[in-house]
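Student: Could we go through this structure together, one question at a time?
Tutor: Gladly! Here it is.

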Amino acid sequence: MIEEGKPLFLQIAEQIEDSILEGSLAEEAQAPSTNELAAFYRINPATAAKGVAVLTDKGVIYKRRGIGMFVSEGARALLLGERREVFADRYIDPLLAEARTLGLDASDLAALLTERAAQITNAEGKNPA
């Protein structure tokens, strides 16, 4: 889980986000406490608290006084939108730039994506949709 070069508190926040996106941590469900995170990852509770604060600031989790932290309603949609934007910046924009260089238009790219997806599906032994 621990990656070199990336702050631990961000890794903690991303792990919680991943749990929300995967559905193992549902909206309005109680999120792990700072102490639980610190014990599980064997880190300082202040570091875990900083990761939780990142998610609180983004509106992904909220505190119920005296009870704990909970996943906000709409958190999954918020995270999906954020991740889609990062995906587009990291992968789609460079893909489009290279496509322009090669003289490919949107329909050419769609055909390539469909072809490659079918190849991967077939290689995995699945029936194409």
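Tutor: Let us start with a definition: a residue is buried under 20% relative accessible area, exposed over 50% and partly exposed in between, using a 1.4 Å probe and protein chains only. The model is predicted, so local features need pLDDT of at least 70 and side-chain atom pairs count only at pLDDT 80 or more, while totals for chains, interfaces and linings use all residues. Residues are numbered from 1 along each chain as its sequence is written, and side-chain values use heavy atoms, with hydrogens and water left out.

Student: Is Ala-39 buried or exposed?
Tutor: Ala-39 is found in helix 2; helices are DSSP runs of H or I with at least four residues, strands are runs of E with at least two, and both are numbered from the N terminus. The relative accessible area of Ala-39 is 56%. Because exposed means over 50%, Ala-39 counts as exposed.

Student: Which residues of helix 2 are buried, and where do they lie?
Tutor: Helix 2 covers residues 34-41, and its buried residues are Leu-37, Ala-38 and Tyr-41. Seen down the axis, they fall within an arc of 100°, where the arc is that of the directions from the helix axis to the C-beta atoms. So the buried residues line one face of helix 2.

Student: Which exposed residues are on the face of helix 2 turned away from its buried side?
Tutor: Ala-39, which we have just met, is exposed. Phe-40 is exposed too, with a relative accessible area of 63%. The face turned away from the buried side carries Asn-35, Ala-39 and Phe-40.

Student: How many aromatic pairs are there in the whole structure?
Tutor: Rings of Phe, Tyr and Trp (its six-membered ring) pair if their centres lie within 6.5 Å. Planes under 30 degrees apart count as stacked, over 60 as edge-to-face and the rest as tilted. A search of the whole structure gives three.

Student: What kind of aromatic pair do Phe-40 and Tyr-41 form?
Tutor: Phe-40 is exposed, whereas Tyr-41 is buried at 18% relative accessibility. Their rings lie 4.8 Å apart, centre to centre, with 90° between the planes. Because planes over 60 degrees apart count as edge-to-face, the pair is edge-to-face.

Student: And what kind of pair do Phe-87 and Tyr-91 form?
Tutor: Being four residues apart in helix 4, Phe-87 and Tyr-91 are separated by about one helical turn. Phe-87 is partly exposed at 46% relative accessibility, and Tyr-91 is partly exposed at 46% as well. The rings are 5.2 Å apart, centre to centre, with 45° between the planes, and the pair is tilted.

Student: Which charged residue lies over the face of Phe-9?
Tutor: A charge sits over a ring if NZ of Lys or CZ of Arg is within 6 Å of the ring centre and within 35 degrees of the ring normal. Elsewhere, the charged end of Arg-64 sits over the ring of Phe-70, 3.9 Å from its centre. Over Phe-9, at 4.4 Å from the ring centre, lies Lys-50.

Student: What is the phi of Arg-42, and where is this residue?
Tutor: Most residues other than glycine have a negative phi, and most peptide bonds are trans. Arg-42 is in the loop between helix 2 and helix 3 and is exposed, with a relative accessible area of 78%. Its phi is positive, near 55°.

Student: What is the phi of Glu-28?
Tutor: Glu-28 is found in the loop between helix 1 and helix 2. At 33% relative accessibility, Glu-28 counts as partly exposed. Although Glu-28 is not a glycine, its phi is positive, at about 70°.

Student: How far apart are the C-alpha atoms of Met-69 and Gln-30?
Tutor: Met-69 lies in strand 2, residues 68-71. Met-69 is buried, at 15% relative accessibility. Along the chain, Met-69 and Gln-30 are 39 residues apart, but their C-alpha atoms are separated by 5.8 Å.

Student: How far apart are the C-alpha atoms of Ala-39 and Arg-100?
Tutor: Ala-39 belongs to helix 2. Ala-39 and Arg-100 are 61 residues apart along the chain, and the separation of their C-alpha atoms is 50 Å.
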